Amino acid sequence: MIDIKKAQGIIFDYGATIDSNGIHWAEVLWEAYETLKVPVTKQQFRDAYVYGERYLALNPVIKPTDNFRQVLEAKTNLQIDWLIKEGFLDKNEKSLIYPFDISNHCYNFVNVVLKKAKPILKKLSEKYPLVLVSNFYGNVEAVLNDFDLRSYFKDIIESAVVGVRKPDPAIFSLGVQALGLKAEEVVVIGDSHRKDIEPARTIGCQTIWLKGPGWGDEDENATADCIIEDFSELKDIFFLIN
């Protein structure tokens with residue numbers, strides 16, 4: 001059970017927590033593939049997604065100044081190229097515009113999600129210092145600026161910048177240090193039990209798990225100090241006045 005009276009600061013995850021309301025980004029992208037009727041199976045898409053994420057982790061494709069639309073275009077170009085190379089998609093005029101259409105669909109989705117999340121982040125930032133702890137490509141600040149979110153966060157701890165990646169608890173320790181608080185005074189909010197909740201609990205933080213449609217790799221018995229299914233539930237937990 002979470003004890004909000006002890007909370008003096010908050011650490012947020014970014015991807016799939018703030019920008020997609022707990023929905024794993026593979027699921028957001030797959031919904032776009034289905035909407036746009038890209039003729040591949042979900043398993044083929046998942047394999048393309050994994051390929052793209054591994055490629056981006058090993059190669060400096062994303063520049064520090066890239067916004068999220070550019071990140072989406074990089075991801076979907078890699079996915080579609082892989083699907084064509086593996087023979088799951090034909091290379092034609094239609095397949096060549098899939099990356100643009102998928103990226104645009106997902107970017108619009110994020111803007112809809114953030115329209116609801118921003119007022120909550122604003123109220124939380126007025127009540128507590130917020131720090132972002134994220135596995136990202138070195139451009140999360142550009143992404144936050146693109147969506148007018150940067151001002152809500154006291155500091156950013158980004159894996160590509162600090163050289164530590166979740167689920168290593170050390171990245172959350174850096175977030176706690178940035179807040180200048182004790183671990184037990186910090187609430188960590190994230191969508192991944194393995195990458196957010198477990199390491200945060202290891203160092204003594206309280207945890208809120210935004211549990212949405214995930215990758216399918218979470219323990220069925222996994223728990224947290226508080227489990228929510230929608231970002232808006234934070235209003236009640238932190239006693240935010242509308």
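**Exercises on helix α2 and the cysteines**

Helix α2, residues 42-58, has 17 residues and reaches 24 Å from its first C-alpha to its last, close to the 24 Å expected at 1.5 Å a residue. The model is predicted.

**Exercise 1.** Determine which residues of α2 are buried and which side of the helix they occupy.

Solution.
1. Apply the cut-off for burial, which is under 20% relative accessible area.
2. The residues of α2 that count as buried are Gln44, Phe45, Ala48, Tyr49, Gly52 and Leu56.
3. These residues lie on the same side of α2, because the arc they cover around the axis is only 135°.
4. On the other side of α2, the exposed residues are Arg54, Ala57 and Leu58.

**Exercise 2.** Identify the helices that the buried residues of α2 pack against.

Solution.
1. Take the buried set again: Gln44, Phe45, Ala48, Tyr49, Gly52 and Leu56.
2. The buried residues of α2 pack against α1 (25-35) and also against α3 (68-85).

**Exercise 3.** Find how many disulfides the structure has, and explain the result for Cys205 and Cys226.

Solution.
1. A disulfide requires a pair of cysteine sulfur atoms within 2.5 Å.
2. For the sulfur of Cys205, the closest cysteine sulfur is in Cys226, 15 Å away, which is too far for a bond.
3. Starting from Cys226 instead, the closest cysteine sulfur is that of Cys205, at 15 Å, again too far for a bond.
4. A search of the whole structure accordingly finds zero disulfides.
5. As for accessibility, Cys205 is buried at 5% relative accessibility, and Cys226 is buried with a relative accessible area of 15%.

Conventions: Residues are numbered from 1 along each chain as its sequence is written. This is a predicted model: local features need pLDDT of at least 70, side-chain atom pairs count only at pLDDT 80 or more; totals for chains, interfaces and linings use all residues. Side-chain values use heavy atoms; hydrogens and water are left out. Helices (H or I, at least four residues) and strands (E, at least two) are DSSP runs, numbered from the N terminus. The expected span of a helix is 1.5 Å times one less than its number of residues. Buried means under 20% relative accessible area, exposed over 50%, partly exposed in between (1.4 Å probe, protein chains only). The arc is that of the directions from the helix axis to the C-beta atoms. Contact means heavy atoms within 4.5 Å.
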